[in-house]
Amino acid sequence: AFSVREARASARTAGVCVHHVRSCSSIQFIKSKYVCLFDKSALKFSHQQRLFRTSAVSCGQIVQFKLSDIGEGITEVTVKEWYIKEGDSVSQFDSICEVQSDKASVTITSRYDGIIRKLHYNLDEIAYVGKPLVDIEIDASKGVAPEEDVVETPAMSHEEHTHQEIKGHKTLATPAVRRLAMENNIKLSEVVGTGKDNRILKEDILNYLAKQTGAILPPSPKAEIIPPLPKSETVPAAPKDKARKIPVPVSRPIAFSGKDKTEAITGFHKAMVKTMSAALKIPHFGYCDEIDLTQLIQLREELKPLAQTRGVKLSFMPFFIKAASLGLLQYPILNASLDESCQNITYKASHNIGVAMDTEQGLIVPNVKNVQVCSVFEIASELNRLQSLGSAGQLGTNDLTGGTFTLSNIGTIGGTYTKPVILPPEVAIGALGKIQVLPRFNGKGEVFKAQIMNVSWSADHRIIDGATMARFSNLWKSYLENPASMLLDLK
Amino acid sequence: MVLQSSLKNCFQLSCVLRTPRAGFKGTSNGGLILQSVSNDVYQNLAVEDWIHDHMNLENQQVLFLWRNSPAVVIGRHQNPWQECNLKLMRQKSIKLARRRSGGGTVYHDLGNINLTFFTTRKKYERMENLKLVVKALKALCPQLDVHVTDRYDILLDRHYKISGTAAKLGRTTAYHHCTLLCNADKFVLSSVLKSPYKGLKSNATPSVPSSVKNLFEEDPALTCEMLLEAIAAEYAMRHQIDHHITLINPADETVLPGINNKTQELQTWEWVYGKTPKFSISTYFNMVYKDSVLDVKVDMDVKHGRIEVCNIDVPEQWLPPALCNELVKNLTGSKFSPNEITTLATTLLRTCPQDDELHNKWNLLCENMRMLM
């Protein structure tokens, strides 16, 4: 794709401006040339002239883009980063590289549209002002390529890419595009730019026009020569006929510039792939139930301020975790590990209960150590510590290893029932859904308002049977539905 | 009075940013003095980006005044591992930011003021700006011995650095910013700007360490507000404009459309760490395990903040080579970050043979590797 470029005339040639139309294969566009006269006052000529050759040059003219003046008398800079590589196509104003000189970082942008053919420097090499930086191949079959003066002063660069300030934004558009807008009485501020940095391209102006009248219009009669439109896009009415005819639906090509993006899986995510693949080898069986948390909610409301005075935020998790530990005391096989050959079960003495945490990185599972000897308050305090480390991305190895059983409170995000995946080398996991207010029947057959949470357990069916899982779940449920009963079994 | 009513100013500002100053023609410049209401380093750097990208500076120049809560700011092409103590910064919750201008590393806190001079590229002139600052300082405090060096530093008493400079040049606009130490915490400054990381080899721009001093030490009556006021007054005089400071809120999308995207980008890992020029580490550490001391040699190449090549030399009999290779394989391509290695290593442990001793050794190795980051 080539964009519109304007070649300036020398003062001798009487103000002839050659426009080149952007042609892009994805958008079936007009490929034409047209010439028009313009006022000299519209352009600010600098006293530094630029020469151009009017004779046609064979395609692919290589232009050496020289490093322009940095200011403050600086003659050399270090190339710190290339934004493009050889073979890339660039548009005018695209960033080419970042150079540094004496505490100043300078972004060098392209003056031309074309393809990068050569980078004259490697990273960290010294580049010289006035010497070639990159070679750009410009499609000269479109016309001329001006030879630039060796040192470009900022005055010239201003001339070349004029900006229109609209609502505090600079609307980027090349002079040719601006001219087209002006000729058609279009305010650039009303056109949506689809180019880089929201630049307004020629297609955007023409699309805007098409929207207005349902047709692609040629420029106004001020032009000397009206470009011949290809038959398929010509409106039946004569160009000068402004009467509103039935708009002919113009086949507007759908310009979607999205591209697939492929990324390598690295680091932590790669390790998770390995873990989950290993988890797949475990025959999971699921068991779900619902828990009435009405009483627990009340209890927590009472205890919350007390915990707060001790500097600890009390959620429901500490209760869930402690109840799980009490259950594991009765059903220790859920706190075990199966060796690789599936020959031995190791019953773990400590209840190191993992809590799934959603962080920026993804799913991290730190664990609370030795829950079997911790009070609910101690568990809450430890959870606070793990949560703040987790959100700061500062969890340590000790916090992240040694887990024996996991609870995942996915309900804080949403959901009811789920199918959690066991984290090896553990053999069981529980996922808690959200708490919902639902109608239930009590013993007397009356409907009452209940606070229901669903739990979904998964267990390793090689060593854990349904009955064990069900009994554990029932015990856990009974502790939570009637929190006072926990008091009887607390050690 | 520096503080004006912020609501009124924000409306005025949006008008100012929208319409170019038609009144200022010819060679004399219009000017605008802006002050940030935020102390967030990322938000303030985003404002600089925004002004650089969006404001038309043909007929006016802009002075932007800002201060940050504790943060270390590295230059565009620098290596944070080479420049500062990241471990200490994490402990003290001191942020790390990478600015878009060149130059060296600085420490910001509320006792330091930042000044940014925006001009067109044509009018980019650092010496003039710094001389303006010195003039303002001398007007405030005539006995101060301050001068500008040819490295664009401002020295107090010929010896102590009180200001560092950096600049960014774009296609049509440029900015020059500098710090000014009024009453910063010198103890924290010197401890965070000392890198503990050994064996680093890189072409990143190195900082030149200097002795620093606070202006407050010369004149205890000086405050940041006074300095800002004095510099704004001098700037207003120079550019023949009203001595009027407009407050700007870096979170306001209506006045600065697109600013929140810029703020977000400055906080991404890809920008802060990923823009570090390629570097290599060649180092070793000793691990104490039970009764023995082990030597571990580590070689890594890091590009775009990610481990491109990794080599860990651990005594064979201590840890099975297969496990070591597994660690190396997973580290390759991963971010050079302590959090990444911790979560990576602990997750890998789940699929390793379940052996307490093995786990302890693995954790010890990973803890030590983490210290390198």
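**Exercise 1. Find what average pLDDT chain A has, and where the score falls below 50.**

Step 1: Chain A averages a pLDDT (the predictor's confidence in each residue, from 0 to 100) of 77, and 73% of the residues score at least 70.

Step 2: Residues 142-169 of chain A have a pLDDT below 50, and beyond near neighbours in sequence this stretch has 79 contacts (heavy atoms within 4.5 Å) in the model. Residues 214-242 of chain A also lie below 50, with 37 such contacts.

Step 3: Where pLDDT is low, the predicted coordinates should not be read in detail.

A note on conventions: this is a predicted model, where local features need pLDDT of at least 70, side-chain atom pairs count only at pLDDT 80 or more, and totals for chains, interfaces and linings use all residues. Residues are numbered from 1 along each chain as its sequence is written, chains are lettered from A and ligands numbered from 1 in written order, and side-chain values use heavy atoms, leaving out hydrogens and water.

**Exercise 2. Work out why strand β1 of chain B is largely enclosed.**

Step 1: Strands are DSSP runs of E, at least two residues, and helices are runs of H or I, at least four, numbered from the N terminus. In β1(B), residues 30-36, 7 of the 7 residues are buried (under 20% relative accessible area, 1.4 Å probe, protein chains only), so the rest of the structure largely encloses this strand.

Step 2: In a regular strand the side chains alternate between the two faces of the sheet. Here G30(B), L32(B), L34(B) and S36(B) are buried on one side, and G31(B), I33(B) and Q35(B) on the other.

**Exercise 3. Identify which strands pair with β1(B).**

Step 1: Pairing requires at least two DSSP bridges between two strands. β1(B) runs parallel to β2(B), residues 60-66, over 6 bridges, with Q60(B) as the bridge partner of G30(B).

Step 2: β1(B) also pairs in the parallel sense with β13(B), residues 245-248, over 4 bridges; there, I33(B) is partnered by I245(B).

How values were computed: Buried < 20%, exposed > 50% of the residue type's maximum accessible area, 1.4 Å probe, protein only.
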